[in-house]
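Colleague: I would like a close look at a single part of this structure, taken slowly and with its surroundings included. Could you walk me through one residue in a loop and what lies around it?

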Amino acid sequence: MEHRWGMAIDLDRCTGCEACVVACHAENNLPISTPEQAAQGRTTHWIRIDRYYEGEFPDIKVRYMPVLCQHCDNAPCEPVCPTYATYHNQEGLNVQVYNRCVGTFYCANNCPYTVRYFNWFAPEWPEPLALQHNPDVAVRPAGVMEKCTFCIQRIKRAKQDSAAEARPLADGDVQPACVQSCPAEAMVFGDLNDPASKVSRLAQDGRATRLLEELGTKPKVFYLRKG
Amino acid sequence: MPSAPELLPYQRIREDLFRPLSRVSGRYLLATLIAFIVGAGGLAAWGLQLRRGMGVTGLQRPVFWGIYIVDFVFWIGISHAGTLISAILRLTGAAWRKPVTRAAEAITVFALMIGGMFPIIHLGRAWLFYWLLPYPNSRLLWPNFRSPLLWDLTAIVTYVTGSIIYLYLPLIPDLAQLAEHNTPWRKRLYRTLSLGWTGSDREWHALERAMKLMACIILAVAVSVHTVVAWDFAMALAPMWHSTIFGPYFVTGAIFSGIAALVLAMVIIRKVLGLEAYLTRHHFDRLAKLLLLMSLLWFYFTIAENLTVWYGNEPKEMAVFGARTRAHYAPYFWIMMFLNFVVPFVLLGIRRLRTITGATVASVSVLVGMWLERFVIVVPTLANPRLPAASSFYTPTWVEAAITAATFAAMAMLYMIFAKLFPIIAVWEFKPHPQEEE
């Protein structure tokens, strides 16, 4: 395994601005939902900001937590898929093959992080959003499951670029859309196989923790607790 | 007992049981028409779902499994009426089973056909359902056998095949009798289906052996099928699904609802076909006792399942437990407890109330209660996932309701057609032994 992609998210820096959510929508051709669909729980956000409230209004404190696919090393969604639509690739990514998906929903039920999203209808974009699709990313049909890919298209692009320039892939060459757009620089992406990479060092940080780690899913997203 | 059907003259039994096949009443046509309309409504709803997408249902993140899965478990549960009851009674040589077995075996086959449709109806891309069949594709790649859904499909396909054979074998002697005097097209149908049965000693012995063997096999298959259905849930990492007790708990619930379905079907057959002399109080009394036993067993499992969760007090499990017993889904839970335990316990436990009417009321109560039981198991768990920020509620839409209603209509229609083509009580079982005849 040449690379093992992972992410670190500093909760102390996250302001809950949702720039990452918007960036992900633009990068990955996510369908836009209407207010009614949103109220029904039919939104598709590969990265979402979970809000937890402490205290009573007006003495209220909100804590934000960006939640995306944790790309578990031991992913519960993978063995339950009857058609191998979700599987582990050689770089530790938890990959979703849309063409194989028949929509049993089992992966979504077995995901403890609830980060899998379903195409309830054929996706629609109001004008002019329909004109800004990313050509590197497939548009998913109705009836299939989808989720965060760690912007696999950007990983591929970075590899091609470094190969063309005949140099090894450097730390920071790959930036998923959410990481790139975070104004507080709360998110870091990189290769966990490279002990010198920024994400590897943050993963060793005393504040580093993983979501629902007790389930043994071995997630590859590290959250840095509030200091 | 003086009213036992075994004591009636064989000639009269034959006439009584073959008579319903040759008459089609206005009421029968009306019932078929209603069933057809409800069934067509369900098909139209499914058509809409296929055209527009799964969004026409009430499903949403995180409740990805709704009442289609509830219906699936419910119908597979009903299918345990036939195989288990008829196979157990056949193997233990209970003489009173004779007028009961075929009615039960037919329920099994039809309930399985209907139940087996639901995993397909529930697929996001239903037209690709064959990708799930345990059969390699053109590149010789098998589907993923680590997925409990594959175990499920394998088990159900085996069960359907087995139960059709199990229904068919004891039909053969009756079919041969029916082929003797009949209208031309029926003659041809029965003759083909009777596989050239002549009634020789060798054939009887072979049939006897085959039925015994099938009874043993079908028992094992039936237990495994509902265990695997339970494992669809128990193998998942979700709170209150990930339970070791689910296999036997589901099998118990399946037999429980299966007996209720059988009692209800027998009451209807008895009334409509005028078979009071064949399905007597005696039969209902025995089945009512079996239903009471299963109710107690079900209650025991339910207590074992919920008490351990409550005492353990683990937060993620308690969120589901709370939703079930105190919050949004509490009405479903407590109505379920009332219908599945209190009603049968009172009506069937007190001897004076254990009449045919009492058994009928208890059976309807159990059928509704067991449908609710599956709802209480499937939905609150999904609505309260491990990350509380993602929790939600689920309300089914009219599309799901229409398809559910259509399956009940389909069951009624299949059963009515079956009862018009084949005697619903096995006639040959009453045939006196050759030695006795002389």
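Modeller: What follows looks at one loop serine and then at the elements and contacts of the two chains. Bear in mind throughout that this is a predicted model. The residue I would choose is Ser392(B), which is found in the loop between α14 (356-383) and α15 of chain B. Ser392(B) counts as partly exposed because it has 15 C-beta neighbours inside 10 Å, where 20 or more would make a residue buried and 12 or fewer exposed. Not counting residues up to four places away in sequence, Ser392(B) touches Gly41(A) from the other chain, together with Gln60(B), Pro62(B), Val63(B) and Ala383(B). By contrast, the C-alpha atom of Ser224(B), 168 residues apart from Ser392(B) along the chain, is separated from that of Ser392(B) by 33 Å.

As for the contact between the chains, it takes 35 residues from chain A and 32 residues from chain B. On the side of chain A that touches chain B, the elements that give two or more residues are β2 (48-54), α3 (106-109) and β6 (117-118) of chain A, and by class that side has 23 nonpolar, 9 polar and 3 charged residues.

Returning to α15 (398-421) of chain B, this helix is included in what covers the buried residues of α1(B), and those buried residues are Ile13(B), Leu17(B) and Pro20(B). Helix α1 of chain B, residues 10-22, has 13 residues and reaches 19 Å from its first C-alpha to its last, close to the 18 Å expected at 1.5 Å a residue.

Technical notes. Residues numbered from 1 in each chain as written. Chains lettered and ligands numbered in written order. Predicted model: local features only at pLDDT ≥ 70, side-chain atom pairs only at ≥ 80, totals over all residues. Helix = DSSP H or I, 4+ residues; strand = E, 2+ residues; numbered from the N terminus. Expected span 1.5 Å × (residues − 1). Contact = placed C-beta atoms within 7 Å. Nonpolar A, V, L, I, M, F, W, Y, C, P; charged D, E, K, R; others polar.
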